[in-house]
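Reader: Got a minute to go through this one with me? I'd like to poke at pockets, helices and a few single residues.

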Amino acid sequence: MAIDNEIRSFAAAAGQTLSLDDWLASANANLRQQWLGCNAEACRSIVSLTGIADLAPLKALAELPGVTWVDHVSQLSELFQRYRQRVTLLLAGVCGLILSILIYRLGWRHGLQVMAVPVLAMLTALATLGWLGELFTLFNLFALLLVLEVAVDYAVFFQMAAASADTIGKRDTTTLAVALSAFTTLLGYGLLATSSTAIVHAFGVTLAAASAARSCWHR
């Protein structure tokens with residue numbers, strides 16, 4: 001019965017048209033936002049596409065007059081790629097600056113020893129990401145900046161303890177303090193690796209691997 005009614009309604013609508021204003025009045029908010037309006041030259045609207053696997057044929061549409069191809073995913077990917085390159089250069093520059101300060105303050109030998117700890121921690125974190133098959137994103141680089149900061153602090157603490165008069169006592173105290181700090185860092189940030197959010201997960205995996213590596217290298 002319902003099907004027959006629909007068929008009769010469809011047949012009765014033959015020859016009738018739906019104006020744009022009537023359609024906009026009945027469409028939902030998402031569809032209304034795709035209509036951009038008209039000016040003296042032409043009318044414009046957005047055509048959203050989903051489930052497209054091959055973008056190459058669609059990019060050719062941009063060559064048609066009055067058509068503009070917009071790929072937000074590719075634009076965001078290119079933006080994050082540029083940021084990742086800049087943050088990588090920033091990380092390398094910060095490492096060089098810290099190394100220069102350490103060498104000036106502690107000398108070549110001790111400066112390189114202190115700087116070796118954060119560098120090895122970051123390399124271990126990167127190796128762990130590769131071993132686990134994790135994607136390397138901009139947010140992993142931000143996590144490495146935090147790794148650099150904390151690891152340098154730990155290494156400087158040990159260097160200062162080794163240079164003190166009571167080397168054994170200072171080293172034992174420093175080892176306990178750094179071990180507790182590394183444990184809380186590993187526990188706090190390591191739990192982030194279980195998150196389903198990509199940004200939080202990237203921070204957690206990177207910092208957890210680096211925290212474990214820092215503890216090993218200090219020992």
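Author: Sure, here is a quick walk through the pocket, the helices and some residues. Keep in mind that this is a predicted model.

Reader: Pocket first, then. How much space lies in the largest pocket?

Author: The largest pocket holds about 780 Å³ of space. Its lining is made of 21 residues, and Ile46, Val47, Thr68, Trp69 and Val70 lie nearest the centre.

Reader: Which elements give two or more residues to that lining?

Author: Those are strand 2 (43-45) and helix 5 (72-106). Strand 2 gives the most, with 3 residues.

Reader: And how do the lining residues divide into nonpolar, polar and charged?

Author: There are 13 nonpolar residues in the lining, along with 6 polar and 2 charged.

Reader: OK, on to helix 5. What span should its residues have, and how far apart are the end C-alpha atoms?

Author: Helix 5 has 35 residues, so at 1.5 Å a residue it should span 51 Å. The end C-alpha atoms are 50 Å apart, which agrees.

Reader: Which of its residues are buried?

Author: Val87, Leu91, Cys95, Leu102, Ile103 and Leu106 are buried in helix 5.

Reader: Some of those spacings look familiar. Why do residues three or four places apart point the same way in an α-helix?

Author: An α-helix has 3.6 residues a turn, so residues at that spacing point the same way.

Reader: Back to helix 5 then: is Gln75 buried or partly exposed?

Author: Gln75, which lies in helix 5, counts as partly exposed because its relative accessibility is 44%, between the 20% and 50% cut-offs. From Gln75 to Gln16 is 42 Å in space, C-alpha to C-alpha, with their positions 59 residues apart in sequence.

Reader: What happens just after helix 5?

Author: Gly107 takes a positive phi of about 95° there.

Reader: Now helix 6. Where does it kink?

Author: At Ala116, by about 25°, shortly before the proline Pro118. Even so, helix 6 (residues 108-132) reaches 36 Å from its first C-alpha to its last, close to the 36 Å expected for its 25 residues.

Reader: Which residues of helix 6 are buried?

Author: Pro118 is one of them, and the others are Gly111, Val114, Met115, Val117, Ala121, Met122, Ala125 and Leu129. Just after helix 6 comes Gly133, with a positive phi of about 75°.

Reader: Leu129 caught my eye. Which residues does Asn140 touch?

Author: Leu129 is among them, together with Leu135, Ala202 and Thr206, leaving out residues up to four places away in sequence. Asn140 sits in helix 7 (residues 138-163).

Reader: Why does Asn140 count as buried?

Author: Its relative accessibility is 2%, and buried means under 20%, so Asn140 qualifies.

Reader: Changing topic: where is Gly66, and how far in space is it from Arg44?

Author: Gly66 is in the loop between helix 4 (56-59) and helix 5. Its C-alpha is 8.7 Å from that of Arg44, and the two are 22 residues apart in sequence. Gly66 is exposed, because its relative accessible area of 87% is over 50%.

Reader: Last one. What about Leu20, buried or partly exposed?

Author: Leu20 is partly exposed, at 37% relative accessibility. You'll find Leu20 in helix 2 (residues 20-26). Leu20 and Trp108 are 76 Å apart in space, C-alpha to C-alpha, and 88 residues apart in sequence.

Definitions and conventions. Residues numbered from 1 in each chain as written. Predicted model: local features only at pLDDT ≥ 70, side-chain atom pairs only at ≥ 80, totals over all residues. Heavy atoms only, no water. 1 Å grid on protein atoms, 1.4 Å probe; cavity = no way out; pocket = protein on both sides within 12 Å on 5 of 7 lines; lining within 4 Å. Points joined across faces, edges and corners; volume = space filled by probe spheres on them. Helix = DSSP H or I, 4+ residues; strand = E, 2+ residues; numbered from the N terminus. Nonpolar A, V, L, I, M, F, W, Y, C, P; charged D, E, K, R; others polar. Buried < 20%, exposed > 50% of the residue type's maximum accessible area, 1.4 Å probe, protein only. Contact = heavy atoms within 4.5 Å. Expected span 1.5 Å × (residues − 1). Bend = angle between axes of the 7 residues up to and from the residue.
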